[in-house]
Amino acid sequence: MSLPHALLGFLREEPLTGYDLKTQCFDKSVAHFWPADQAQIYRTLEKMVAQGWVSSHLEVQHNRPNRKVYTLTPAGETALYRWLVQPQGLPTHRDPLLIQVFFADQLSDPELLNLLTRQLTAHQELLDYYQDMPNHLPLPPLDDPTASREERMHRLVLEMAMGKEQSYIRWLQQAIALIQTASV
């Protein structure tokens, strides 16, 4: 049930439309570890209105379509807080590549190396993206004494994402070296 709570967290900052939640919040901050599509966001917002966690009002615009703006309610604030203090279980991790590698004895070495090399490139590109994020977002280093608490929390999440990619890259490099060594 993290999507509703992510929406509550964003709405805690300011009232937003479903479109703004997707493009300004998810796509620019948490999509790399918690993606959500536009339809999911709108469905979830309507459920949250029914639960009383958010309210909505129509903002009339001239020469443009009207906007439905969502606002966090006191019940939503309470729901967010209760979720934030609740310990979370370990996430379920599904990785199609690991299933492929598990059964990859059926592939030739060149096929397997191609598969692993393509994944290595993709993970390196993602790591490069993460490493560039502080240049586009206000994410000072963790040890910056002027950083706000919010900036530090955002930076902690980014550091975790980069660490996961670095670990995956090391594993892929190890796997590629193993296949190359075994081929000789």
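# Notebook: helix packing and single residues

I began with two helices and found that α1 and α3 are roughly perpendicular to each other, since their axes cross at roughly 80° and an angle of 65 to 115 degrees counts as roughly perpendicular. The model I am looking at is a predicted one, and I keep that in mind for every entry below.

**Entry 1: α1 against α3.** The axes of α1 and α3 come within 10 Å. I looked up which residues meet there, and on the α1 side I found Leu3, Pro4, Leu7, Leu8 and Leu11, which meet Gln40, Ile41, Thr44, Leu45 and Met48 of α3. Sorted by class, this contact of α1 with α3 has 8 nonpolar and 2 polar residues, and no charged residues.

**Entry 2: the chain as a whole.** I then stepped back to the whole chain, which has 7 helices and 3 strands. Following the sequence from its start, I read the pattern α-β-α-α-β-β-α-α-α-α. The C-alpha trace spans about 70 × 40 × 40 Å along its principal axes. I noted a radius of gyration of 21 Å for the chain, whereas a compact globule of 184 residues would be near 16 Å. Of the 184 residues, 32% count as buried. I also looked at contacts between residues at least 6 apart in sequence, and 56% of these join residues at least 24 apart.

**Entry 3: α1 against α4.** Two packed helices are described by the angle between their axes and the distance between the axes, and I wrote down both for the next pair. Helix α1 covers residues 2-13 and helix α4 covers residues 74-85, and they pack at an angle of about 120° with their axes 10 Å apart. This angle makes α1 and α4 oblique to each other, and their crossing is left-handed. On α1 the contact is made by Ser2, His5, Leu8, Gly9 and Arg12, and on α4 by Gly76, Glu77, Ala79, Leu80 and Trp83. By class I have 4 nonpolar, 4 polar and 2 charged residues for the contact of α1 with α4.

**Entry 4: glycine 9.** I picked out one residue of that contact, glycine 9, which has its place in helix α1. Is glycine 9 buried or partly exposed? Its relative accessibility is 26%, so glycine 9 counts as partly exposed. I also checked its separation from arginine 149: the two are 140 residues apart in sequence, and their C-alpha atoms are 15 Å apart in space.

**Entry 5: α2 against α3.** Helix α2 runs over residues 18-30 and helix α3 over residues 38-51, and their axes come within 9 Å and cross at roughly 125°. That crossing angle makes α2 oblique to α3, and the crossing of α2 and α3 is right-handed. From α2 the contact involves Gly18, Tyr19, Leu21, Lys22 and Phe26, and from α3 it involves Gln38, Ile41, Tyr42 and Leu45. The contact of α2 with α3 has, by class, 6 nonpolar, 2 polar and 1 charged residues.

**Entry 6: lysine 22.** I stayed with lysine 22, which lies in helix α2, and asked how its accessibility is classed. Lysine 22 counts as buried because its relative accessibility is 18%, and buried means under 20%. Leaving aside residues up to four places away in sequence, I found that lysine 22 touches Asp27, Ala36, Asp37, Gln38 and Ile41. For a distance along the chain I took alanine 50, which is 28 residues away from lysine 22, with 20 Å between the C-alpha atoms.

**Entry 7: asparagine 63.** Most residues other than glycine have a negative phi, and most peptide bonds are trans. With that in mind I looked up asparagine 63, whose phi is near 65°, a positive value in a residue other than glycine. Asparagine 63 sits in the loop between β2 (54-59) and β3 (67-72), and its relative accessible area of 83% makes it exposed.

**Entry 8: leucine 107.** My last residue was leucine 107, found in the loop between α5 (96-102) and α6 (109-132). With a relative accessible area of 34%, leucine 107 is partly exposed. Which residues does leucine 107 touch, not counting residues up to four places away in sequence? I found that leucine 107 touches Leu112 and Leu115. Between leucine 107 and histidine 32 I noted 31 Å from C-alpha to C-alpha, at 75 residues apart in sequence.

How values were computed
Residues numbered from 1 in each chain as written. Predicted model: local features only at pLDDT ≥ 70, side-chain atom pairs only at ≥ 80, totals over all residues. Heavy atoms only, no water. Axes fitted to C-alpha atoms, helices over the stretch in contact; angles between N-to-C directions. Helix = DSSP H or I, 4+ residues; strand = E, 2+ residues; numbered from the N terminus. Parallel < 35°, antiparallel > 145°, perpendicular 65-115°, else oblique. Left-handed = near helix turned anticlockwise from the far one by under 90°. Contact = heavy atoms within 4.5 Å. Nonpolar A, V, L, I, M, F, W, Y, C, P; charged D, E, K, R; others polar. Rg over C-alpha atoms; globule rule 2.2 N^0.38 Å. Buried < 20%, exposed > 50% of the residue type's maximum accessible area, 1.4 Å probe, protein only.
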